[in-house]
Amino acid sequence: MKAKIPVQISCPVMKQNKDDFINVIRWGYDNNIYVAVEPVIFASYDHTGENLSNRLSLEEIGKVFDYELTEGYAETISNFAKEKEALKDDDPICSICRYSFCISVTGEVYPCVGWQSNVIGTLDNQNLSEIWKNSDKIKCLRKIKRKDFVKCVDCKDKGYCTVCMMSNSNENQDGDAFRINELYCNVAKLKHEKLTIYRNKSSGGGKN
Ligand code: SF4
């Protein structure tokens with residue numbers, strides 16, 4: 001911060017910190033650091049789901065949204081929703097392999113930090129530039145558009161949801177990146193509803 005580099009804290013909320021994370025938000029306010037709160041942790045990338053006992057229930061996730069709204073996040077949530085709703089069907093679903101990919105210490109290359117089961121190349125037999133330009137898996141990933149998620153195209157909650165191939169894949173034992181866990185849809189619906197109720201209350205019952 002002294003060097004004027006923008007700083008953000010990412011704060012996943014789990015069973016262990018669901019009653020305390022609010023202190024991180026307040027610490028962020030006091031220190032002028034934005035705290036991004038994420039109440040739905042990803043399933044582990046080995047597809048076992050062994051970390052999901054730490055994930056909040058839908059009811060607990062709703063309480064996190066309530067906290068966020070009372071702590072001043074309504075405008076941010078609303079602005080993100082407008083940006084997502086404005087995306088076109090032909091827009092790429094994700095930035096993976098268009099601007100970045102990840103490399104493990106052992107030289108395996110994968111699309112993003114949470115998708116380490118999806119190896120798209122290895123530095124054992126190719127250099128970075130060759131993988132970036134020639135990997136067939138990368139070429140496929142770059143072609144995936146929003147419209148490939150048919151259920152999401154006209155979804156009324158799409159502004160409150162991040163459709164994510166990595167989180168879908170990790171959620172499914174067979175690694176299917178297109179099969180969406182119902183929980184994600186329920187969370188998006190809940191967030192949308194809570195924001196609408198909050199804004200209606202704030203405006204004295206008018207439209208949001
Ligand atoms: S809420 Fe479900 S259907 Fe709607 S955009 Fe998100 S993942 Fe797709």
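Let us begin at a residue with an open outlook: K4 has a relative accessibility of 73%, so this residue counts as exposed, the cut-off for that word being over 50%. K4 sits in the segment that comes before β1. Its backbone deserves a glance too, since the phi angle of K4 is positive, near 65°, although K4 is not a glycine. Please keep in mind as you look around that this is a predicted model.

A second residue invites the same kind of look. N32, again a residue other than glycine, has a positive phi of about 60°. You will find N32 in the loop that joins α1 (21–30) to β2. Is N32 buried or exposed? With a relative accessibility of 68%, N32 counts as exposed, because this value lies over the 50% cut-off.

Now step back to take in the whole chain. Its secondary structure consists of 8 helices and 5 strands. If you follow the sequence from its start, these elements come in the order β-α-β-α-α-β-β-β-α-α-α-α-α, so the pattern ends in a run of helices. Along the principal axes, a box of roughly 60 × 45 × 35 Å holds the C-alpha atoms. The chain has 208 residues, and 38% of them are buried. Among contacts with a separation of 6 or more, 62% link residues that are 24 or more positions apart.

The outside of the chain can be described in a few numbers. About 12400 Å² is exposed, and 53% of this area comes from carbon and sulfur atoms. The chain carries 29 positive and 29 negative charges, and the mean positions of the two sets lie 5 Å apart.

What about the empty space? Rolling a probe the size of a water molecule over the atoms shows where such space is left. The largest pocket has a volume of about 1200 Å³. Which residues lie nearest the centre of this largest pocket? They are E38, K84, C161, T162 and K191, out of a lining of 41 residues. Several elements contribute to that lining with at least two residues each: the strands β1 (8–12) and β2 (34–38), together with the helices α2 (58–70), α3 (74–85), α7 (165–171) and α8 (182–202).

There are also 2 cavities of 30 Å³ or more. The largest cavity has a volume of about 100 Å³. Its lining is made up of K84, L87, K88, D89, I93, R146, C152, V153, K158 and V163. You have already met K84, which is also among the residues nearest the centre of the largest pocket.

To finish, let us turn to helix α7, one of the elements that line the largest pocket. S169 belongs to this helix. S169 counts as buried because its relative accessibility is 2%, where the cut-off is under 20%. Beyond residues up to four places away in sequence, S169 touches H47, W115, G175, D176 and A177.

M166 is found in α7 as well. Its relative accessible area is 7%, so M166 is buried. Which residues does M166 contact, leaving aside neighbours within four places in sequence? They are F42, C112, G114 and W115; W115 is also touched by S169. M166 and C94 make one last pair to look at: 72 residues separate them in sequence, and their C-alpha atoms are 9.9 Å apart in space.

Terms used
Residues are numbered from 1 along each chain as its sequence is written. This is a predicted model: local features need pLDDT of at least 70, side-chain atom pairs count only at pLDDT 80 or more; totals for chains, interfaces and linings use all residues. Side-chain values use heavy atoms; hydrogens and water are left out. Helices (H or I, at least four residues) and strands (E, at least two) are DSSP runs, numbered from the N terminus. Buried means under 20% relative accessible area, exposed over 50%, partly exposed in between (1.4 Å probe, protein chains only). Contact means heavy atoms within 4.5 Å. Accessible areas come from the Shrake-Rupley method with a 1.4 Å probe; for residues, only the protein chains shown count as cover. Lys and Arg count as positive and Asp and Glu as negative; His and the chain ends are not counted. The place of a charge is taken as NZ of Lys, CZ of Arg, CG of Asp or CD of Glu. On a 1 Å grid over the protein atoms alone, a cavity is a set of points where a 1.4 Å probe fits but cannot get out, and a pocket is an open set with protein on both sides within 12 Å along at least five of seven lines; lining residues have an atom within 4 Å of a point. Grid points are joined across faces, edges and corners, and a volume is the space filled by probe spheres set on the points.
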